[in-house]
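Me: Hi! Could you walk me through this one? I'd like to start with contacts.

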Amino acid sequence: MSDSNQLRLVPLSQASRAIDDTLCKDGTISSLYNILGNNAFSADYTEDNSMFVEKGKAIGIPESILSYYNNMLSKSFMGIFPEIKRVWITIDNKIFLWNYLDGTEYKLYDGLDQVSILMWLFRWVIFSPCGAKNDLTV
């Protein structure tokens, strides 16, 4: 093999040794699962795991919102705003704020031309010149 070919193989040999060394070091480290104990983060699921989830009243999504979902062209996302007792649902470029307590009342905003993927709830604090403070959740 010529000297120029050997010079080209030097970086590959160094890379190969670096990968082998890293794999050897990685193989000597115990996993977090083994360090903390096999049962540290796991538990068998049983019907009596009531300490994790408590089922309350189930309310279905209103049919009018579901009809938008069934005709969806792109994407849909949803989340919950427990502070204002509303679920947010985006379907394509439409945003629904749905009252999950009574299950029927919702507001629709369709003034966007893009798909909404995330919703945030902000609390505005308005100070008047007299020093009074008004909270406004938007």
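Reply: Happy to! Contact here means heavy atoms within 4.5 Å. Keep in mind that this is a predicted model.

Me: Great. Which residues does S116 touch, not counting residues up to four places away in sequence?
Reply: S116 touches F77, T90, D92 and I95 on that count.

Me: And where is the place of S116?
Reply: You'll find S116 in the loop between β4 and β5, the latter running over 123-127.

Me: Is S116 buried or exposed?
Reply: S116 is buried: its relative accessible area is 10%, and buried means under 20%.

Me: Switching topic, which residues make up the largest nonpolar core?
Reply: Six residues do: I65, V87, I89, I91, F96 and W98. At least two of them come from each of β2 (86-91) and β3 (94-99).

Me: Where does the largest share of this core come from?
Reply: From β2, which supplies three residues.

Me: What is V87 in contact with, leaving aside its neighbours within four places in sequence?
Reply: V87 is in contact with G79, I80, F96, L97, W98 and Y100.

Me: Nice. How many salt bridges does the structure hold?
Reply: Just one. The side chains of E105 and R86 meet there, at 3.9 Å from N to O.

Me: Where do E105 and R86 sit along the chain?
Reply: In distant parts, 19 residues apart: R86 is in strand β2, while E105 is in the loop between β3 and β4 (106-109).

Me: What are the relative accessibility values for the two?
Reply: E105 has a relative accessible area of 33%, so it counts as partly exposed. R86 is partly exposed too, at 21%.

How values were computed:
Residues are numbered from 1 along each chain as its sequence is written. This is a predicted model: local features need pLDDT of at least 70, side-chain atom pairs count only at pLDDT 80 or more; totals for chains, interfaces and linings use all residues. Side-chain values use heavy atoms; hydrogens and water are left out. A nonpolar core is a set of buried Ala, Val, Leu, Ile, Met, Phe, Trp, Tyr and Cys residues joined through side-chain atoms within 4.5 Å. Buried means under 20% relative accessible area, exposed over 50%, partly exposed in between (1.4 Å probe, protein chains only). Helices (H or I, at least four residues) and strands (E, at least two) are DSSP runs, numbered from the N terminus. A salt bridge is a side-chain nitrogen of Lys or Arg within 4 Å of a carboxyl oxygen of Asp or Glu.
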